[in-house]
Amino acid sequence: MSERPYVTLSCAMSIDGYLDSAEPHRLAMSNAADLDRVDDVRALHDAIMVGASTVRRDNPRLLVRDAARRARRLASGRRESPAKVTVTASGDLAPDAAFFTTGEGTRIVYCPRDREAELRRRLGDRATVVGIGDDCVMMAALLDDLAGHRGVRSLMVEGGGTVLTQFLGADLVDELHLVIAPFFVGEARAPRVVGPAAFPWTASRRARLADTSQIGDVVLLRYALSDRFGMLDDQSADAGRVAAEIP
Ligand SMILES: NC(=O)c1ccc[n+]([C@@H]2O[C@H](COP(=O)([O-])OP(=O)(O)OC[C@H]3O[C@@H](n4cnc5c(N)ncnc54)[C@H](OP(=O)(O)O)[C@@H]3O)[C@@H](O)[C@H]2O)c1
């Protein structure tokens, strides 16, 4: 069996722990410099994942934006942007969402088995639909499928909170990048960074804070959550070497 992909969780929250407001439009948490850093992290991974609510609400493209990073990926034999991954139980995903219509890479939709046929019909050749599980998709099974059948060795999970909670609660995360934006949201209906779960990191088993950095008005906390932590840093060095060879 293939080794599970290396998993990086990346998100930005308000000081009071919200991922967004409850207003109709998405609340920008980050700043331009931090978004560029996120683009750099995206470029390191084989695949990027968000939950179906984020696809519906934010309509993200999930592409590498910077041309030099795309060129480096191509030079190292990868596609310009990572594969895109989402998960849904309802099957409520619009085929004209930017997730499906932008970029050239692979798009994979995981859903419970009984939704598979209908979603395949609706999405056609816009995505590979994979049915796993009866009522919901277990994130461990999703990772096994990505590694065993899709050639994915690293996955960046960008949210939202429902998905982050499941990866963290199942102890499937190698590193966490948590950005704190300098404001409060303060709305009970807004999505929290995580919901309740039996997280492996508790007051008596503390996570390891590997790095902190200030990026303009936000702060980035980088936590090491497994003994594989840092595995992609080596790939980053490889990317640097390839970059140096590009004229
Ligand atoms: N600040 C940040 O860094 C950041 C990043 C990303 C997102 N966000 C925000 O987060 C909010 C969305 O977060 P969210 O927690 O509401 O939603 P989410 O995690 O994006 O998506 C949740 C949805 O994913 C599907 N899903 C999740 N787990 C599943 C499982 N095990 N099996 C099958 N389907 C599963 C379900 O889709 P169905 O409903 O289709 O069944 C579920 O409703 C948005 O406001 C977005 O803007 C913020």
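# A guided tour, starting from a loop

Select Glu187 to begin: this residue sits in the loop between β7 (175-180) and β8 (208-215). You are looking at a predicted model, so every stop on this tour is a place in a prediction. Is Glu187 buried, exposed or partly exposed? With 15 C-beta neighbours inside 10 Å, Glu187 counts as partly exposed. Setting aside neighbours within four places in sequence, show Ser21 and Ala22, the residues in contact with Glu187. Now add Ala43 and draw a line between the two C-alpha atoms: Glu187 and Ala43 are 144 residues apart along the chain, and the line spans 34 Å.

**The whole chain**

Next, colour the chain by pLDDT. The mean for the protein chain is 94, and 95% of its residues reach 70 or more. Then select residues 240-247, where pLDDT stays under 50. For this stretch the model has 7 contacts beyond four places in sequence. Where pLDDT is low, the predicted coordinates should not be read in detail.

Now select residues 5-220. An unreviewed UniProt entry places the feature "domain: Bacterial bifunctional deaminase-reductase C-terminal" there. Over these residues the chain is 28% helix and 22% strand, and the C-alpha atoms at the two ends are 23 Å apart.

**Around the ligand**

Show the ligand and its surroundings. How many residues surround the ligand? There are 28, and the closest are Gly51, Ser53, Thr54, Gly159 and Gly160. The elements giving two or more residues to this shell are β1 (6-13), β2 (47-51), α2 (52-58) and α7 (161-169). Highlight α2 in particular, as the largest share of the shell, 5 residues, comes from this helix. Colour the shell by residue character and you will find 12 nonpolar, 10 polar and 6 charged residues.

Stay with two of the closest residues and zoom in on the backbone. Gly159 and Gly160 are joined by a cis peptide bond, with omega at about -5°. Gly160 is found in the loop between β6 and α7.

**The loop after α2**

From α2, follow the chain into the loop that leads to α3 (67-75), where Asn59 is found. Phi of Asn59 is near 50°, a positive value in a residue other than glycine. Leu62 is found in the loop between α2 and α3 too, and its phi, near 55°, is likewise positive in a residue other than glycine. How do their surroundings look? Asn59 is partly exposed, with 14 other C-beta atoms within 10 Å, whereas Leu62 is buried, with 26 other C-beta atoms within 10 Å.

**Two sides of α3**

Carry on into α3 and show its side chains. Which arginines of α3 are buried? They are Arg69, Arg72 and Arg73. Turn the helix end-on: these residues cover an arc of only 100° around the axis, which puts them on the same side of α3. On the other side of α3, Ala67 and Ala68 are exposed. Just after the helix, select Gly77, which takes a positive phi of about 85°.

**Phe100 in α4**

Jump to helix α4 (residues 98-101) and pick out Phe100. Phe100 is buried, with 20 other C-beta atoms within 10 Å. Leaving aside neighbours within four places in sequence, Phe100 is in contact with Pro95, Arg107, Leu123, Arg126 and Ala127. For a link back to α2, add Val55: Phe100 and Val55 are 45 residues apart in sequence, and their C-alpha atoms are 9.9 Å apart in space.

**Last stop: helix α6**

Finally, select helix α6 (residues 139-149) and look for its buried residues: Met139, Leu142, Leu143, Leu146 and Ala147. Why do they line one face of the helix? Seen down the axis of α6, the buried residues fall within an arc of 130°, so they share one face. Show what that face meets: the buried residues of α6 pack against β2, β3 (83-87), β4 (107-111), β6 (154-157) and α7. Of these, β2 and α7 should be familiar, as both give residues to the shell around the ligand. End the tour at Gly151, just after α6, where phi takes a positive value of about 70°.

Methods
Residues numbered from 1 in each chain as written. Predicted model: local features only at pLDDT ≥ 70, side-chain atom pairs only at ≥ 80, totals over all residues. UniProt positions renumbered as here; feature names shortened; annotations may be inferred. Helix = DSSP H or I, 4+ residues; strand = E, 2+ residues; numbered from the N terminus. Near = placed C-beta within 6 Å. Nonpolar A, V, L, I, M, F, W, Y, C, P; charged D, E, K, R; others polar. Buried ≥ 20, exposed ≤ 12 C-beta atoms within 10 Å, placed from the backbone. Arc of directions from axis to C-beta. Contact = placed C-beta atoms within 7 Å. pLDDT = per-residue confidence, 0-100.
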